[in-house]
Amino acid sequence: MVFKIGLLGLGTVGIGTAKILLSPQGRHPLINELEIYRVGVRDISKTRDINISPNILTTDLEAIATDPDVDIIIELIGGLEPARSLILKAIEHGKHIVTANKAVISRYGPEIFDAANKKSVYVMLEASVGGGIPVIQPLKESLTVNRIHSITGIINGTTNYILTKMQKEGADFADVLADAQKLGYAEANPTADVEGLDAKDKIAILGSLAFSGFIKLEDIYCEGIRQITAADITYAAQLNFVIKLLAIAKQAPKNTNFTSDKLQLRVHPTLIPKTHPLASINDVDNAIFIEGEPIGQVMFFGPGAGAGPTASAVVSDIMNIAAILQTETEPIPHPLLSCTHQKYCEIVPIKELITRFYARFLTQDKPGVIGKLGSCFGKYSVSLESVVQTGIHNQLAEIVVVTRDVREGNFRQALEEIQSLDVINSIPSILRVL
Ligand code: NAP
Ligand code: HSE
């Protein structure tokens, strides 16, 4: 039985996918049953690092999505439109979908899954989070009996690559970003990576699977890595931390006014103790650390972006669909593979978060400044774990503070008051600590 594939997009991931499909030797024999039937691109005349017959290339992507001979559509064009419309069109025509497009799934998941369930087709998205790391399937299947307490992930390869190079080589932000773009890690618009928006899309998807409800992107707190400086990386290291962009989905603590079915959802650079398993995840690698009951802690780790790893995830999804189609004449959506959420998760505001903070102050260099900082923090119940005067820069004293666990709202109130003190010049960095 041969399954005909309509491949939309032949860029970084599309080429990686086609390369796997065109070299089945030594892989699972089911790959021999997959035929790249048509390929849609924007520019047919482009030179590509793959040998694809020009006869199957087209710029008419809708014709592929509606072609009665195509069984499975692989959407690898990225962006919102025409990706969303093509996916919906293909579903309408009874095609199964494989996509790596976290931007579309995190925004239009409910619409897409609803349409897919009505048509009894699958929408598979392993490549949308964590590149080559199998994490979507484990969340849907192997971990599904667990009550998930938290997911803490490094889920953007580009920013992890940038932070690692800044930390290990003192590299310049813009140079490393250009490097990540050349290596095919970054999004078409790398602002999505750097501002944390790509990680936000991904944690919405993971959170939705783990906590069985859709998540509205606007409910997720998000900060990117642009404000991270070499000074913060150095001070963090001196305090035995590394800085990583973390995406977190977690049950809100039960001891607040909130019931336990509310969640915290956030993306921000975070100081992680060097002893934490996530601290050693470097370069383009990603890792997703999951805590649940009864499993305890489990971590998924591997390459988070790039052609080969991402294509591995794409083709694994195609194989899953092909295996089902091969064994079932009438594909009834498999209860663990399809997505059938009925509700939206409730997310608590960031001001309710309880966390430690790192803050760096530039102040006048005179006696009593640390005392004034301490009394302002005390007034808002912020207790301090450490206060270090790190040096003098341009006649200003630099003071680094790490707090104990504090309610974010209280910490922000204290900072507002500190900001207005005449001895304070500026607060260049405020970061959360894991
Ligand atoms: P890419 O290199 O920019 O490739 C995009 C492909 O789609 C190109 O072949 C392009 O055609 C085609 N395309 C784009 N817009 C089109 C349109 N309007 N009409 C027709 N063709 C169009 O992107 P990528 O890096 O492979 O990413 C693809 C998807 O995978 C995105 O959703 C991305 O977020 C996701 N993803 C990427 C990675 C990664 O490491 N790169 C990892 C995980 C997930 P031309 O070649 O003719 O320009
Ligand atoms: N731009 C994304 C990243 C690609 O850097 O993680 C993988 O989703």
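**Exercise 1.** Which helices each supply at least two residues of the shell around ligand 2? Work this out in the predicted model, and then describe the shell and its polar contacts.

*Solution.* Begin with the list of surrounding residues, which comprises K102, N156, G157, T158, Y185, A186, E187, D193, D198, K202, G304 and A305. Next, assign these residues to helices: α6 and α9 (197–211) each contribute at least two of them. Sorted by class, the shell holds 3 nonpolar, 4 polar and 5 charged residues. Then turn to individual atoms: a backbone N or O atom of G157 lies 2.7 Å from an oxygen atom of ligand 2, a polar side-chain atom of E187 lies 2.7 Å from a nitrogen atom of the ligand, and a polar side-chain atom of K202 lies 2.8 Å from one of the ligand's oxygen atoms. Finally, consider the area: ligand 2 taken alone exposes 260 Å², of which the protein buries 93%.

**Exercise 2.** Determine whether the length of helix α6 (residues 157–169) agrees with its expected span, and describe its ends and surroundings.

*Solution.* At 1.5 Å a residue, the 13 residues of α6 should span 18 Å, and because the end C-alpha atoms are 17 Å apart, the two values agree. At the N-terminal end, N156 acts as a cap, with a side-chain oxygen 3.3 Å from the backbone nitrogen of T158, while after the helix comes G170, whose phi is positive, near 65°. As for burial, 10 of the 13 residues are buried, so α6 is largely enclosed by the rest of the structure. The elements covering these buried residues include β7 (147–154), α7 (173–182) and β9 (241–251).

Conventions
Residues are numbered from 1 along each chain as its sequence is written. Chains are lettered from A and ligands numbered from 1 in the order in which they are written. This is a predicted model: local features need pLDDT of at least 70, side-chain atom pairs count only at pLDDT 80 or more; totals for chains, interfaces and linings use all residues. Side-chain values use heavy atoms; hydrogens and water are left out. Helices (H or I, at least four residues) and strands (E, at least two) are DSSP runs, numbered from the N terminus. The expected span of a helix is 1.5 Å times one less than its number of residues. Buried means under 20% relative accessible area, exposed over 50%, partly exposed in between (1.4 Å probe, protein chains only). Contact means heavy atoms within 4.5 Å. A polar contact is a pair of N or O atoms within 3.5 Å; within protein, one must be able to donate a hydrogen and the other to accept it, and residues adjacent in sequence count only if both atoms are side-chain atoms. A residue is near a molecule or strand if one of its heavy atoms lies within 4 Å of it. Accessible areas come from the Shrake-Rupley method with a 1.4 Å probe; for residues, only the protein chains shown count as cover. Ala, Val, Leu, Ile, Met, Phe, Trp, Tyr, Cys and Pro count as nonpolar, Asp, Glu, Lys and Arg as charged, and the others, Gly among them, as polar.
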